[in-house]
Amino acid sequence: MNMILDKAHLTPPDPYPSRKSSEVCILKRCDPVVYSEYDADCPLTQEQVESYDKNGFLMLPELFTQEEVALLTEEMERMRRNPMIAKRKETITEPESQSVRSIFSVHQLSPLFSKLATDQRLMNIIRFILGDDLYIHQSRLNYKPGFRGKEFNWHSDFETWHVEDGMPRMRALSASITLTENFEYNGPLMLVPGSHQYYIACVDGTPEDNYKTSLKRQEYGVPDEIALSTLVNEGGIATATGKPGSVILFDCNTMHGSNSNISPFPRSNAFFVYNAWSNRLETPFSDHQPRPEYIASRQATAPLKAGSLTDPS
């Protein structure tokens, strides 16, 4: 018997639908968190692996030396003061001022930050967690100046990367390298332990070119107060503080945000998103056009090769 199948029946269902309903929904994660089996050659301790798997994040105190941090900080300030960089599309300013908030695609704008992104101290750990070759999905410098650095609302990165960028599955993570000390009181990263095990399907209504405003203040693809309270009541809130040169690794689906900085002390971080090579972007899981390359990379031609920040070449 001849049978004609509608192509829609051949397409597997989206395991993480979002922005398709008028109500927020909490779904259970259906992907692993750690994709490799622990053994004696693992670049992390078994306790660290178990902590990351359970909580969805891991702190690595002072992974980089103070001499290395000094070089990175000098480069960060040079880029912030550079009027040519300030005019680039990759540069995001604060909502109510022209102060630089973020510089995207920093690993392509700066050879030094390119070396940082591929430093073997990071790469070995992340390749273990994701169990695959890697590429940079997104990179940026985050500046949060004293007295006026603005907050960023609670969100899961994966929800946006899935809906607006087309990231298929939860096989990515972020590495935030502290370039200034992150205190409790200067707007550090806050994370909800265990939240990575739940996917918040958000309400419909994303405007076209949402990225033009969401990079300053995210209003779409965020959980409502009930969903967020559910996650926090179960997992609590952890604050990622640490000395310069420390690294915060967190799963792509970990709920996180940050308060404004009304202290005199700036908080600045280098931020790299690593995606598994097998998890490269597809068509966005929405009706919108993909976001620009400097926000969500689609043009990587080969996996990253590990190197060294201090390599003179």
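## The largest pocket

Strand 5 gives more residues than any other element to the lining of the largest pocket: five of them. In this predicted model, that pocket has a volume of about 270 Å³. Its lining is made up of 19 residues, and those nearest the centre are H107, Q108, I136, S297 and A300. Two elements each supply two or more lining residues, namely helix 4 (106–109) and strand 5 (134–144).

What kinds of residues make up the lining of the largest pocket? Nine are polar, seven are nonpolar and three are charged.

## The second largest pocket

Now let's turn to the next pocket. The second largest pocket has a volume of about 190 Å³, and 13 residues line it. Nearest its centre you will find E77, R80, Y143, P145 and P266. Strand 5 appears again here, since two or more lining residues come from each of helix 2 (66–81) and strand 5.

Which element gives the most to this second lining? That is helix 2, with four residues. By type, the lining of the second largest pocket holds five nonpolar, four polar and four charged residues.

## How confident is the prediction?

A look at the confidence scores helps when you read the model. The protein chain has a mean pLDDT of 90, and 90% of its residues reach 70 or more.

Where does pLDDT stay under 50? Look at residues 1–9: along this stretch pLDDT stays under 50, and the model has one contact for it beyond four places in sequence.

Conventions. Residues numbered from 1 in each chain as written. Predicted model: local features only at pLDDT ≥ 70, side-chain atom pairs only at ≥ 80, totals over all residues. Heavy atoms only, no water. pLDDT = per-residue confidence, 0-100. Contact = heavy atoms within 4.5 Å. 1 Å grid on protein atoms, 1.4 Å probe; cavity = no way out; pocket = protein on both sides within 12 Å on 5 of 7 lines; lining within 4 Å. Points joined across faces, edges and corners; volume = space filled by probe spheres on them. Nonpolar A, V, L, I, M, F, W, Y, C, P; charged D, E, K, R; others polar.
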